[in-house]
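Hello,

Here is the structure you were going to look at. Please open it first, and then read the notes underneath.

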Amino acid sequence: MSKDSIQYKTEAEIELLRESSLLVGKTLAEVAKILKPGVSTRALDELAESFIRDNGAIPGFKGYGGFPGTLCISINDEVVHGIPGERIVKDGDVVSIDCGTYKNGFYGDSAYTFAIGNVSDDIKLLLQRTKESLYFAIEQAVVGRRVGDIGYAVQNYCESYGYGIVRDLVGHGLGRNLHEKPEVPNFGRRGTGAKLKEGMVLAIEPMVTLGDYNIKQDTDGWTIRTIDGLPTAHFEHDIAIRKGKADVLSTFNYIEEVLKKQQ
Ligand code: MG
Ligand code: MG
């Protein structure tokens, strides 16, 4: 599905991408309301699918490459692409939820990682710093910088805490296709890679591990987990490249309002 060349978007197309991206944030907030010990990942998935359809969109991941769910739910040592099912969320779990929407011909794609109940300080910091690294990356996502500046920002910050940066999975261009050019790695060298220009829309998504960055795929053909079994975090925003400051199309605000009320 990925296009061979970068697809530059018009302002009207960026507004449609914003609508799809905002719907992901609203969907994840609905999911956050019932994300507690004892809930099954299937229940989370069903809620997300009906909410997306009630809002005139379709799940962006369902059927994509044959993926069976609306959400990718990846717990603890699972990095991404976990399949929703019978698994029950437990106290102490780290639950990464990645969600895609498709509406008006454009995709939204955003992810958030939740700490369930009593989680160690090490893990809380991993989540906090992975999210911070996403915002440092977004600061670099402006006209005149390059893709390598984005990756460097994530890598430089996260490696300063000894975390691993997953190499084999990357962010991407976003538009009429879920995965477009360019690839947006979470590591890199400053001043290298594709030049960032107005009209580019990127999904930036640090995947960061508490230990080593090496990963493997389960026999289900989807779930990706760390080889050393240590937990991971994943946060993803969709952004449009602008002069001076990136335009963040997705949002965590709805999710974090729900989390605040739960405290
Ligand atoms: Mg995603
Ligand atoms: Mg993505």
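The notes below go through the metal site, the pockets and a few single residues.

Please keep in mind that this is a predicted model.

**The two magnesium ions**

Start with the magnesium ion (ligand 1). Its donors are Asp98, which appears twice through OD atoms, Asp109 (OD) and Glu236 (OE), at 2.0 to 2.4 Å. Along the chain these donors follow the spacing D-x10-D-x126-E. Asp98 sits in strand β4 and Asp109 in strand β5, 11 residues apart, and the pair links distant parts of the chain.

The magnesium ion (ligand 2) is held by Asp109 (OD), His172 (NE2), Glu205 (OE) and Glu236 (OE), at 2.1 to 2.3 Å. The spacing of its donor residues in sequence is D-x62-H-x32-E-x30-E. Glu205 is in the loop between β9 (201–204) and β10 (207–209), and Glu236 is in the loop between β13 (232–234) and β14 (237–240), so this pair ties together parts that are 31 residues apart in sequence.

Which residue bridges the two ions? Asp109 does, and the magnesium ion (ligand 2) and the magnesium ion (ligand 1) lie 3.2 Å apart. Glu236 is listed among the donors of ligand 1 and also among those of ligand 2.

Are the donor residues buried or exposed? Buried means under 20% relative accessible area. Asp98 has 8% relative accessibility, so Asp98 counts as buried. Asp109 is buried as well, with a relative accessible area of 3%. His172 has 3% relative accessibility and therefore counts as buried. Glu205 and Glu236 are both buried too.

**His172 and its surroundings**

His172 belongs to strand β7. Apart from coordinating the magnesium ion (ligand 2), His172 has a side chain that makes a polar contact of 3.0 Å with the side chain of Asp109. Leaving aside neighbours within four places in sequence, the residues in contact with His172 include Asp109, Leu178, His179, Pro182, Glu205 and Glu236.

One of those contacts, Pro182, has a feature of its own. A cis peptide bond joins Lys181 and Pro182, with omega at about -5°. Pro182 is in strand β8.

**The two largest pockets**

The largest pocket has a volume of about 590 Å³. It is lined by 20 residues, and the closest to its centre are Tyr112, Phe114, Ala115, Leu259 and Gln263. The elements that give two or more residues to this lining are β5 (106–115), α3 (121–140) and α5 (253–262). By class, the lining has 10 nonpolar, 5 polar and 5 charged residues.

The second largest pocket holds about 480 Å³ of space. Of the 22 residues that line it, the closest to its centre are His81, Val170, His172, His179 and Glu205. Among these, His172 and Glu205 are also donors of the magnesium ion (ligand 2). At least two lining residues come from each of β7 (171–173) and β8 (180–184). The largest share, 3 residues, comes from β8. This lining divides into 10 nonpolar, 5 polar and 7 charged residues.

**A buried threonine**

Thr101 lies in strand β4 (residues 94–103). Its relative accessible area is 0%, so Thr101 is buried. What lies 2.7 Å from a polar atom of the side chain of Thr101? The backbone oxygen of Ser20 does. Not counting residues up to four places away in sequence, Thr101 touches Ser20, Leu23, Val24, Ile52, Ile58, Gly60, Phe106, Tyr107 and Gly108.

**Two asparagines with positive phi**

Asn76 has a phi near 60°, a positive value in a residue other than glycine. Asn76 is in the loop between β2 (71–75) and β3 (78–80), and is partly exposed, with a relative accessible area of 21%.

Asn104 likewise has a positive phi, near 55°. Asn104 is found in the loop between β4 and β5. At 45% relative accessibility, Asn104 counts as partly exposed.

If you look at one place in the viewer, start at Asp109, which coordinates both magnesium ions.

Regards

Notes. Residues numbered from 1 in each chain as written. Chains lettered and ligands numbered in written order. Predicted model: local features only at pLDDT ≥ 70, side-chain atom pairs only at ≥ 80, totals over all residues. Heavy atoms only, no water. Donors = N, O, S within 2.8 Å, 3.2 Å for Na, K, Ca; no water. Helix = DSSP H or I, 4+ residues; strand = E, 2+ residues; numbered from the N terminus. Buried < 20%, exposed > 50% of the residue type's maximum accessible area, 1.4 Å probe, protein only. 1 Å grid on protein atoms, 1.4 Å probe; cavity = no way out; pocket = protein on both sides within 12 Å on 5 of 7 lines; lining within 4 Å. Points joined across faces, edges and corners; volume = space filled by probe spheres on them. Nonpolar A, V, L, I, M, F, W, Y, C, P; charged D, E, K, R; others polar. Polar contact = N/O pair within 3.5 Å; in protein donor to acceptor, adjacent residues only side chain to side chain. Contact = heavy atoms within 4.5 Å.
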